[in-house]
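Let's take a walk through this structure together, going from one residue to the helix around it and then out to the surface.

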Amino acid sequence: MLKDLILKNRSYRRFHQAQPISKEVLRSLVDLGRLSASGANLQPLKYLLSNDDKTNNLVFPCLAWAAYLKDWDGPCKGERPSAYIVILNDNSIHKKINFDAGISCQSILLGAVEIGLGGCMIGAIKKEKLHTALNLPKHFEIVLVVALGIPAEEIVIDEVKSDNIKYWRDNEAVHHVPKRSLDELIINN
């Protein structure tokens with residue numbers, strides 16, 4: 001059921017790094033993004049797949065992991081993603097991507113959850129540094145990075161209290177994500 005996939009689709013930031021993800025799996029996830037909606041059907045997105053240590057080690061230091069967790073610099077070795085999908089806009093097709101990357105990314109992440117993986121959509125990227133490290137042609141603009149792996153953490157959804165929407169970790173390293181209530185979001189109850 002779709003709601004079950006959405007509930008399992010959390011922003012995982014710790015993984016079982018030693019568990020590999022094949023290029024075939026990454027290609028199948030990108031295929032879900034490819035088949036998703038695209039504004040004016042322009043399809044300007046391109047994807048760089050990374051599932052080897054050399055490329056993963058280029059991507060990892062260019063990412064910021066959890067803005068609300070001030071004392072955490074991201075996953076330690078052994079808990080890093082097994083793979084990444086770098087989502088690019090091909091500026092030679094269209095200069096403005098609107099919502100395409102978010103739609104594609106959500107499709108990729110739901111597909112990942114369906115096959116037992118987890119991921120995190122990352123927009124806090126040192127884009128120039130990553131662009132150079134990956135030796136990308138100039139007409140490719142880095143939009144998002146999807147970190148993927150087998151989750152090595154538990155994430156639970158909590159109700160927002162006192163209007164505090166910041167995620168946090170408890171003493172057992174369980175990651176808590178506050179969500180506003182449905183009644184608060186629908187304005188014409």
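Leaving aside residues up to four places away in sequence, serine 107 touches Leu32, Gly33 and Ser36. With serine 36 there is also a polar contact: the two side chains are joined at 2.6 Å. Keep in mind as you look that this is a predicted model.

Where does serine 107 sit? You will find serine 107 in helix H4, which covers residues 100-114. At 1.5 Å a residue, the 15 residues of H4 should span 21 Å, and the C-alpha atoms at its ends are indeed 21 Å apart, so the two values agree.

Now look at what surrounds this helix. Of the 15 residues of H4, 11 are buried, so the helix is largely enclosed by the rest of the structure. Serine 107 is one of these buried residues, and others include Asp100, Ala101, Ser104, Cys105 and Ile108. Further along, Leu109, Leu110, Gly111, Ala112 and Val113 are buried as well. What do they pack against? Their partners are helices H1 (2-8) and H2 (23-34), together with strands S1 (45-50), S2 (83-90), S3 (118-122) and S4 (140-149). Just after H4 comes glycine 116, which takes a positive phi of about 90°.

Finally, let's turn to the surface. Here Leu182, Leu185 and Ile186 form a nonpolar patch, with about 300 Å² of accessible area together. Isoleucine 186 lies in the segment after helix H6 (182-185). Is isoleucine 186 buried or exposed? It falls in between: its relative accessible area is 36%, so isoleucine 186 counts as partly exposed.

Definitions and conventions:
Residues are numbered from 1 along each chain as its sequence is written. This is a predicted model: local features need pLDDT of at least 70, side-chain atom pairs count only at pLDDT 80 or more; totals for chains, interfaces and linings use all residues. Side-chain values use heavy atoms; hydrogens and water are left out. Helices (H or I, at least four residues) and strands (E, at least two) are DSSP runs, numbered from the N terminus. The expected span of a helix is 1.5 Å times one less than its number of residues. Buried means under 20% relative accessible area, exposed over 50%, partly exposed in between (1.4 Å probe, protein chains only). Contact means heavy atoms within 4.5 Å. Patches are made of residues with over 30% relative accessible area and no salt bridge: like charges are joined within 9 Å, nonpolar side chains (Val, Leu, Ile, Met, Phe, Trp, Tyr) within 5 Å. Accessible areas come from the Shrake-Rupley method with a 1.4 Å probe; for residues, only the protein chains shown count as cover. A salt bridge is a side-chain nitrogen of Lys or Arg within 4 Å of a carboxyl oxygen of Asp or Glu. A polar contact is a pair of N or O atoms within 3.5 Å; within protein, one must be able to donate a hydrogen and the other to accept it, and residues adjacent in sequence count only if both atoms are side-chain atoms.
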